[in-house]
Every structure is written in C-alpha cells, then in structure tokens.
Amino acid sequence: MIQSDSMGPSRLIKGRSAGSLLIEAMRFLLLSEMFLGCFSASKQPISNGLGHSVVFPLQGNVYPQGFYSVSLRIGNPPKPYTLDIDSGSDLTWLQCDAPCVSCTKAPHPPYKPNKGPITCNDPMCSALHWPSKPPCKASHEQCDYEVSYADHGSSFGVLVHDIFSLQLTNGTLAAPRLAFGCGYDQSYPGPNAPPFVDGVLGLGYGKSSIVTQLRSLGLIRSVVGHCLSGQGGGFLFLGDGLSTTPGIIWTPMSRKSGENAYVLGPADLLFNGQNSGVKGLRLVFDSGSSYTYFNAQAYKTTLSLVRKYLNGRLKETADESLPVCWRGAKPFKSIFEVKNYFKPFALSFTKAKNAQLQLPPESYLIISKHGNACFGILNGSEIGLGDSNVIGDIAFQDKMVIYDNERQQIGWVPKDCNKLPKS
C-alpha cells in the first residue's frame, strides 16, 4: 500500500468488502524447511549476485482473503514469520515484543529482538527517513519509525537488525543480517479484521528495502518478482534468476524525483481490442493492493463499457463484497462460468513497442460467496487516490511480474503460478 506520510515509499489498498473499500486506501516456503541453519553471507560470496535468486512459495488469494503472504525464517535460532508481500513499500516490519503495546492477531508470537536497536547515526536510519532527517535529539538514540496509511492504519516501532535464513537457487545457504522494523504499536481502525500476518515484507527499491540490502551484500541483483495464482498461492522471488524467461514483455519504469513507487506509463486503455478513449494513464504496480483502481473518469468509462456490452444479460445486484456485482439465473461457481459474458481489457503502453498488459475477465472479476460476478476495478477517487491509477493483485493473477531495478523496467509473461520454478 502507499504510505500516507513522507517516511518512505509506498503501499496500496487492501480490498475485502464494500464497507472497508470506502476507507482502505493509499500506501503502505518450499524452502522453509531448508532454512533451519545459520550461515554467514560473508563466508559465501556470490559474484555480483548474477543469475541467482531466492524463491519462496506464497499463500493467499485475491478473494476472500485479499492478500498474498510469504513465510520467512528470522533470528538466531531462526523462527518462522508470515509477511504480507508488498511491492509498494520499502520497509519490512514485524510485530514485536519490545514489549508490544498493541499487536493484532497473528499466526506467530511477536518477534523478540536479540540485540539493541539500530541507532540514529546508522546510515540505514537516514535511508529510512529520507528525504527528511531522522527525528533524533542525539546520534546514539534508537532509530524510531512510524508508518501510517490513508485508512488510518499504522505501525510504530524501532529499527533493528537480525539474521534472515535464506537458500539461493544455486544451493548456497546464506544468513545475512538485515535491517527491518520492530513494530510494537499497531493500529487498524477499519471495520474488518486486519490481515492475519506477522507483518509486511517491503519489496520496493529504496535503501531500506530488503531487496536493496541483499544487493548491497552481493547476494542478488536488485530484481524482485511474483507469480500469483488465480487458484490461490503462487511464488515470490528475489534476484534475477528468472529474468530470462522466454516471452517476457518489458516496458520502462516511469520514475519522477521523490517518487518511490513502481510506476509505468503512459498507457491507453483498450476494451475488446478497441480504443476506449481513456489515454495517458500512469499506473502504479502494487502487490499490496487486492484490486485495480482507476481515477474517476477512467473508472466511469470502464464501467460504462462493461454495462453497455452486457446489455442487461446479467442483472446488477447488491453484494457486500464489492460495489458493482451481477447475478445470473443461478449462482456462479467459478469465473469460467461467467467470463463469456464479458470482454477483455488491455493496457497499451505508448513508450514500449507492442507492449500490452492483457486483462481478460478473470483479471478484473471475482465470484463472491453469493455466486455473483463482481467488478474488481474500483473508483480510486472515492477512497482518496485522486488521479492515481493502481494495478493490483487481481490483474497480476496467472502472470509472472518482474520488477527489474537494475535496468529500470518491469516485465510480465503468462505463467502457471502453481508450479514453483526449478532450481
């Protein structure tokens, strides 16, 4: 999700019910059994991290859970923690017993720090708070962090470091000491329960990101990717070992000064292969968002095109799952029963030759628990996103998406995300 303050890059929108969508807005292991040992990364140098990756299986789905999570082993001895994957934020944080003032329900007990916190004179503290300065009175003080979201959720804590147990796809075992947030005061005032996780895995490209830290240690290149299965689960990878997969469509990132989101564009929106009239969209790619959000005008046009094509063949119906839903003669059991009623969208990127992100009906519809087909493209302007446009998990399903910070490009390719890549 995209963070609502200036303390770092971003995280966007968890989507679950129509009620929560009105307030939830901008901001912020197949290998697990092999992570039991602690190994020093410094004893196992990797030549520039070229061609190496760390691969993790994922759990979760777009609906009804609304998020995908990964299990990591952290500490010495290593303990498992479940983290919500988020390509829209930098800082990784865990609920932390320091002691915990306010922690939400989670799969595991709060993390207990092994050593003292990172201090304000540490470069990682400056990186976390950039472009502002750390709010410290003295350099030896602990480095505090506070992330707050537009849905008024927040995490407050202190920056710490500890060992992450990892195994690379070339068989190398590593245990780098990485910086992350020890969150001992979480707030989530929304009407629904927060995600059942121990924290957030920030996958952005800022200096406080786990990806950037691993690159600085020479373990991997600054590349991250995910493959989210429409059936639930999938896999996450750090490093460039999968960047040579055949058929990847690449398009350059669009970065502005001071902007830390993964942004592409401009792009024109097509419906059923025809120009929709929506042009020049800048798009944030964010795995922290369950659904896709367009600005008010783009959303209005998109919904109008769908309604016009349906021409009353399905009846709109009230459903708490999402704002716009349709019912059939009998409840739908799967997206494949309803997809023939709808036509595909596509995003055509004007600065990349033949680069389109295809959005078939299964990339913008869910089947609710009531058996209705619900529209997973939402009006971002209604929840405080303004003119921003966000591509979320629903559009990423059954595609491998790669964020290549080395080459400043993002790529995607259709993929069976139920199959983990071979080492």
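Buried here means under 20% relative accessible area. Cys 120, with a relative accessible area of 8%, is therefore buried. The model is predicted. The structure holds six disulfides, and the count of salt bridges comes to five. The largest pocket has a volume of about 570 Å³.

**Disulfide pattern**

- With bonded cysteines counted along the chain, the disulfides pair as 1-8, 2-3, 4-6, 5-7, 9-12 and 10-11.
- Three of the links are described below: Cys 120 with Cys 136, Cys 125 with Cys 143, and Cys 227 with Cys 417.

**Cys 120 and Cys 136**

- The sulfur atoms of Cys 120 and Cys 136 are 2.0 Å apart and form a disulfide.
- This disulfide is left-handed, because the torsion about the S-S bond of Cys 120 and Cys 136 is about -80 degrees.
- Cys 120 sits in the loop between β4 (93-95) and α2 (123-129), and Cys 136 in the loop between α2 and β5 (144-148), so the bond ties together parts that are 16 residues apart in sequence.
- The two ends differ in exposure: Cys 120 is buried at 8% relative accessible area, whereas Cys 136 is partly exposed at 27% relative accessibility.

**Cys 125 and Cys 143**

- Cys 125 is joined to Cys 143 by a disulfide with an S to S distance of 2.2 Å.
- The link of Cys 125 and Cys 143 is right-handed, with 90 degrees about the S-S bond.
- Helix α2 holds Cys 125 and the loop between α2 and β5 holds Cys 143, so parts that are 18 residues apart in sequence are tied together.
- Cys 125 and Cys 143 are both buried.

**Cys 227 and Cys 417**

- Cys 227 and Cys 417 form a disulfide in which the sulfur atoms are 2.0 Å apart.
- A torsion of about -75 degrees about the S-S bond makes the disulfide of Cys 227 and Cys 417 left-handed.
- Cys 227 belongs to strand β10 (residues 223-228) and Cys 417 to the segment after β26 (409-414), so the pair ties together parts that are 190 residues apart in sequence.
- Cys 227 and Cys 417 are each buried.

**Largest pocket**

- The volume of the largest pocket is about 570 Å³.
- The largest pocket is lined by 28 residues, of which Gly 230, Ile 335, Glu 362, Gln 397 and Asp 398 are the closest to its centre.
- Strands β20 (356-359), β21 (365-367) and β26 are the elements that give two or more residues to the lining of the largest pocket.
- By residue class, the lining of the largest pocket comprises 14 nonpolar, ten polar and four charged residues.
- Glu 362, one of the residues closest to the centre of the largest pocket, also meets Lys 339 in a salt bridge.

**Salt bridge of Lys 339 and Glu 362**

- The N to O distance between the side chains of Lys 339 and Glu 362 is 3.2 Å.
- Lys 339 lies in the loop between β18 and β19 (345-349) and Glu 362 in the loop between β20 and β21, so the salt bridge ties together parts that are 23 residues apart in sequence.
- Lys 339 is partly exposed at 25% relative accessibility, and Glu 362 is partly exposed at 22%.

**Salt bridge of Arg 215 and Glu 406**

- Arg 215 and Glu 406 meet through their side chains in a salt bridge, 2.4 Å from N to O.
- This pair links distant parts of the chain, 191 residues apart, with Arg 215 in helix α3 (residues 210-216) and Glu 406 in the loop between β25 (399-404) and β26.
- Arg 215 is partly exposed, with a relative accessible area of 39%, and Glu 406 is partly exposed, with 28%.

**Salt bridge of Lys 369 and Glu 320**

- A salt bridge of 3.5 Å, N to O, brings together the side chains of Lys 369 and Glu 320.
- Lys 369 is in the loop between β21 and β22 (373-375) and Glu 320 in the loop between β17 (315-317) and β18 (325-327), so the contact ties together parts that are 49 residues apart in sequence.
- Lys 369 is exposed, with a relative accessible area of 63%, whereas Glu 320 is partly exposed at 40% relative accessibility.

Definitions and conventions
Residues are numbered from 1 along each chain as its sequence is written. This is a predicted model: local features need pLDDT of at least 70, side-chain atom pairs count only at pLDDT 80 or more; totals for chains, interfaces and linings use all residues. Side-chain values use heavy atoms; hydrogens and water are left out. A disulfide is a pair of cysteine sulfur atoms within 2.5 Å. Helices (H or I, at least four residues) and strands (E, at least two) are DSSP runs, numbered from the N terminus. Buried means under 20% relative accessible area, exposed over 50%, partly exposed in between (1.4 Å probe, protein chains only). On a 1 Å grid over the protein atoms alone, a cavity is a set of points where a 1.4 Å probe fits but cannot get out, and a pocket is an open set with protein on both sides within 12 Å along at least five of seven lines; lining residues have an atom within 4 Å of a point. Grid points are joined across faces, edges and corners, and a volume is the space filled by probe spheres set on the points. Ala, Val, Leu, Ile, Met, Phe, Trp, Tyr, Cys and Pro count as nonpolar, Asp, Glu, Lys and Arg as charged, and the others, Gly among them, as polar. A salt bridge is a side-chain nitrogen of Lys or Arg within 4 Å of a carboxyl oxygen of Asp or Glu.
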